[in-house]
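Visitor: Could you take me on a close look at a single part, the place where a ligand sits?

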Amino acid sequence: MNKARHIAIIMDGNGRWAEAQGKKRVKGHEVGADVVKTITTYCSNNPEIERLTLYAFSTENWKRPRLEVEFLMKLLDRYLKKELDVYLKNNVRFEPIGDIRAFSTSLQKTIKHVEEKTAHCDGLVQSLALNYGSHNEILRAVNKLRNCDEDITEQMLSNALDCKHDIDLLIRTGGDKRLSNFLLWQSAYAELFFTDTLWP
Ligand code: IPE
Ligand code: IPE
Ligand code: MG
């Protein structure tokens, strides 16, 4: 296997983790957010790892119960505001991927704020996939290239994607062995690792 320079994680199993302890599903998301912090700090201290891309909210996740979606939006806002200091302390650059235009204006503002404030950091790049789906990402890329006169090359398509970097190692927690519309183009040659461990 290549060095794991770019690791991507499908953080699955929050709800089942909480239910197994007789707690509400949202508790699993809350603890899951703490694990995001732990794993990001861990990766930022390992110079071999350049990028960590985490699936936080998929284009399919809008189909969840309204209250759960609302909770996830609030949690994301809170997480980003709280973690800005941690990003800066660990020299981590935050780069969201996905179509964030679907989020509320205030959440978009928080996302852009953290992105701008960490733009100078040159350590680990942490990408959160927010309202992300590979199909949506590829469609938006194709539409960007639509008026191009020349034949579209792999490089041109790759550059038009939100995530322009191939994945070396793709991990999914929670026991399911599927990709759930995550980084389909970028994972063409990724090593795949599935674990039953629930994300929290
Ligand atoms: C993953 O955990 C987190 C998000 C999709 C936001 P789940 O909420 O999918 O937890 P399970 O898979 O139902 O246990
Ligand atoms: C994948 O988990 C999405 C995220 C981790 C954000 P899901 O739990 O939403 O995936 P499916 O629905 O089981 O495929
Ligand atoms: Mg799940």
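Visitor: How far is an oxygen atom of ligand 2 from an N or O atom in the side chain of Asn61?

Guide: Happy to show you. This is a predicted model, in which local features need pLDDT of at least 70 and side-chain atom pairs count only at pLDDT 80 or more, while totals for chains, interfaces and linings use all residues. Residues are numbered from 1 along each chain as its sequence is written, chains are lettered from A and ligands numbered from 1 in the order in which they are written, and side-chain values use heavy atoms, with hydrogens and water left out.

Now to your distance: it is 2.9 Å from an oxygen atom of ligand 2 to an N or O atom in the Asn61 side chain, a polar contact (a pair of N or O atoms within 3.5 Å). Two other side chains make such contacts with ligand oxygen atoms. Ser180 places a polar side-chain atom 2.6 Å from an oxygen of ligand 2, and for Asp12 the distance from a side-chain N or O atom is 3.1 Å. On its own, ligand 2 has 380 Å² of accessible area, and the protein covers 78% of that (Shrake-Rupley method, 1.4 Å probe).

Let's widen the view to the shell, meaning residues with a heavy atom within 4 Å of the ligand. Alongside Asp12, Asn61 and Ser180, the residues around ligand 2 include Ile10, Met11, Tyr55, Ala56 and Phe57, as well as Arg64, Arg172 and Arg178. By class, the shell has five nonpolar, two polar and four charged residues; Ala, Val, Leu, Ile, Met, Phe, Trp, Tyr, Cys and Pro count as nonpolar, Asp, Glu, Lys and Arg as charged, and the others, Gly among them, as polar. Strand E2 gives the largest share of this shell, three residues (strands are DSSP E runs of at least two residues, and helices H or I runs of at least four, numbered from the N terminus).

And the space itself? Ligand 2 occupies the largest pocket (more than half of its atoms lie within 2 Å of the grid points). A pocket here is an open set of points on a 1 Å grid where a 1.4 Å probe fits, with protein on both sides within 12 Å along at least five of seven lines, and lining residues have an atom within 4 Å of a point. The volume of this pocket is about 700 Å³, counted as the space filled by probe spheres set on the points. Its lining has 32 residues, with Met11, Asn14, Tyr55, Ala56 and Asn61 closest to the centre.

Note on methods. Polar contact = N/O pair within 3.5 Å; in protein donor to acceptor, adjacent residues only side chain to side chain.
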